[in-house]
Each structure stands twice: as C-alpha cells, then as structure tokens.
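Work through the exercises below with the model open. Try each task before reading its solution.

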Amino acid sequence: DKEVYTITYTTTREILLNKNVRIGRPDFDSENDVVFDYLYKHPKTTHTKEKIETETHREIGKPLHKIVENLGFTKDLKKIFFKVSKTSICFNNPVTERDMQDMGLQHINL
C-alpha cells in the first residue's frame, strides 16, 4: 500500500509533512515535545494517557486533543494522523492510500 503522507520529527524538533511542509516545532522538553516524541516512536498503536505518563515519567496536564492541536495538527491533518479520545490516542504514521480510502478522502487541505 503506497504511502501518501508521512510525518518526520527532526533532531531539531521540527514536525514535517512529507519532509517539506513544516507543521510545528514544540519547545524542547515541553509536554507537547515529550508526548509527540513518544507517539512518533510508537506509531499505529493506541496508547492511554496513563501509559504515556508511565513510559515518559511525565504527568500530562493538557487534554490529548489539545496537545495534538498545539503541535499544529488541525482539520484534515488531525483527522488523517490521529485518533484521539479523552483517555487514549493513536498516531497513524505514515498514512497510506488505503487509509485515505477508508476515511473517504482523496487528498487533504492544509
């Protein structure tokens, strides 16, 4: 299945879409940075807020959906890359043609 959209998290903490569109850049060691770094290293798996806190040794004060928005994932980007509830989150990276079909999308608006 062909990859359509991919997120890269650089060593300078830049979040890039398909290696050329900058989505965001969280502050070093911030709650957003720690949570996204963890999700980036563990994609396509559902994680509870408690599991992330245990694994990262950090308490998460913000709601998970707020962290996603703060990172720059809004509208279609949020829809294709994240499944978020009050207690759990899943980072879908990379997004494939099949993922897009399953969501009923042909492309995204940035």
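Helix axes here are lines fitted to C-alpha atoms over the stretch in contact, and angles run from 0 to 180 degrees between N-to-C directions. The model is predicted.

**Exercise 1. A helix pair**

Task: Describe how the axes of helix α1 and helix α2 cross, and list the residues that make the contact.

Solution:
- Step 1. Locate the helices: α1 spans residues 31–41 and α2 spans residues 49–56.
- Step 2. Take the two descriptors. Two packed helices are described by the angle between their axes and the distance between the axes.
- Step 3. Read them off. The axes come within 11 Å and cross at roughly 100°.
- Step 4. Classify the angle. Values from 65 to 115 degrees count as roughly perpendicular. α1 and α2 are therefore roughly perpendicular to each other.
- Step 5. List the contact. α1 contributes Val 34, Val 35, Tyr 38 and Leu 39, while α2 contributes Lys 51, Ile 52, Glu 55 and Thr 56.
- Step 6. Sort the residues of this α1 and α2 contact: five are nonpolar, one is polar and two are charged.

**Exercise 2. The sheet with β2, β3 and β4**

Task: Give the strand order of the open sheet that holds β2, β3 and β4, and say which strands stand at the edges.

Solution:
- Step 1. Recall how strands join. Strands of a sheet pair through backbone hydrogen bonds, either parallel or antiparallel.
- Step 2. Take the first pair. β2 and β3 (residues 15–17) are antiparallel and share three bridges. Tyr 9 has Ile 15 of β3 as its bridge partner.
- Step 3. Take the other pair. β3 and β4 run antiparallel and are joined by three bridges. Leu 16 is bridged to Arg 22 in β4.
- Step 4. Check the turn. The hairpin of β3 and β4 has three residues between the strands, and Asn 18 there takes a positive phi near 50°.
- Step 5. Assemble. The order is β2-β3-β4, with antiparallel pairing in an open sheet of three strands.
- Step 6. Find the edges. β2 (7–9) and β4 (21–24) each have a single partner strand, so one side of each lacks a neighbour in the sheet. The twist from one strand to the next averages 35°.
- Step 7. Add the helix. α1 lies across β2 and β3 and runs at about 120° to β2.

**Exercise 3. The sheet with β5, β6 and β7**

Task: Which order do β5, β6 and β7 take in their open sheet, and which helices touch these strands?

Solution:
- Step 1. Pair β5 with β7. β5 (residues 46–48) makes three bridges to β7 in the antiparallel sense. His 47 has Ile 89 of β7 as its bridge partner.
- Step 2. Pair β6 with β7. These strands run antiparallel, and three bridges join them, with β6 at residues 82–84. The bridge partner of Val 84 in β7 is Ile 89. A hairpin with three residues connects β6 to β7.
- Step 3. Assemble. The order is β5-β7-β6, and the pairing is antiparallel. β5 and β6 are the edge strands, each pairing on one side only. The twist averages 20° from one strand to the next.
- Step 4. Place the helices. α1 lies across β5, β6 and β7 and runs at about 55° to β7. α2 packs on the sheet, touching β5 and β7, and its direction makes about 80° with that of β5.
- Step 5. Look at the side chains of β7. In a regular strand the side chains alternate between the two faces of the sheet. Ser 88 and Cys 90 point one way, Ile 89 and Phe 91 the other way, and all are buried.

**Exercise 4. The largest nonpolar core**

Task: Which residues touch the most other members of the largest nonpolar core, and which elements supply it?

Solution:
- Step 1. Name the hubs. The core has 27 residues, and Ile 7, Phe 36, Phe 73, Phe 81 and Phe 82 touch the most other members.
- Step 2. Name the elements. Those giving two or more residues are β2, β3, α1, α3 (64–70), α4 (75–81) and β7 (88–91). The largest share, four residues, comes from α1.
- Step 3. Follow one hub. Beyond four places in sequence, Ile 7 has contacts that include Ile 15, Leu 17, Ile 23, Phe 36, Phe 73, Phe 81 and Phe 91.

**Exercise 5. A loop proline**

Task: Where is Pro 94 placed, and which residues does Pro 94 contact beyond four places in sequence?

Solution:
- Step 1. Place it. Pro 94 is in the loop between β7 and β8 (95–96).
- Step 2. List the contacts of Pro 94: Glu 3, Tyr 5, Thr 6, Lys 44 and Asp 99.
- Step 3. Set a distance. The C-alpha atoms of Pro 94 and Lys 51 are separated by 22 Å, with the two residues 43 apart along the chain.

Conventions:
Residues numbered from 1 in each chain as written. Predicted model: local features only at pLDDT ≥ 70, side-chain atom pairs only at ≥ 80, totals over all residues. Heavy atoms only, no water. Parallel < 35°, antiparallel > 145°, perpendicular 65-115°, else oblique. Contact = heavy atoms within 4.5 Å. Nonpolar A, V, L, I, M, F, W, Y, C, P; charged D, E, K, R; others polar. Pairing = 2+ DSSP bridges. Core = buried A, V, L, I, M, F, W, Y, C linked by side-chain atoms within 4.5 Å. Buried < 20%, exposed > 50% of the residue type's maximum accessible area, 1.4 Å probe, protein only.
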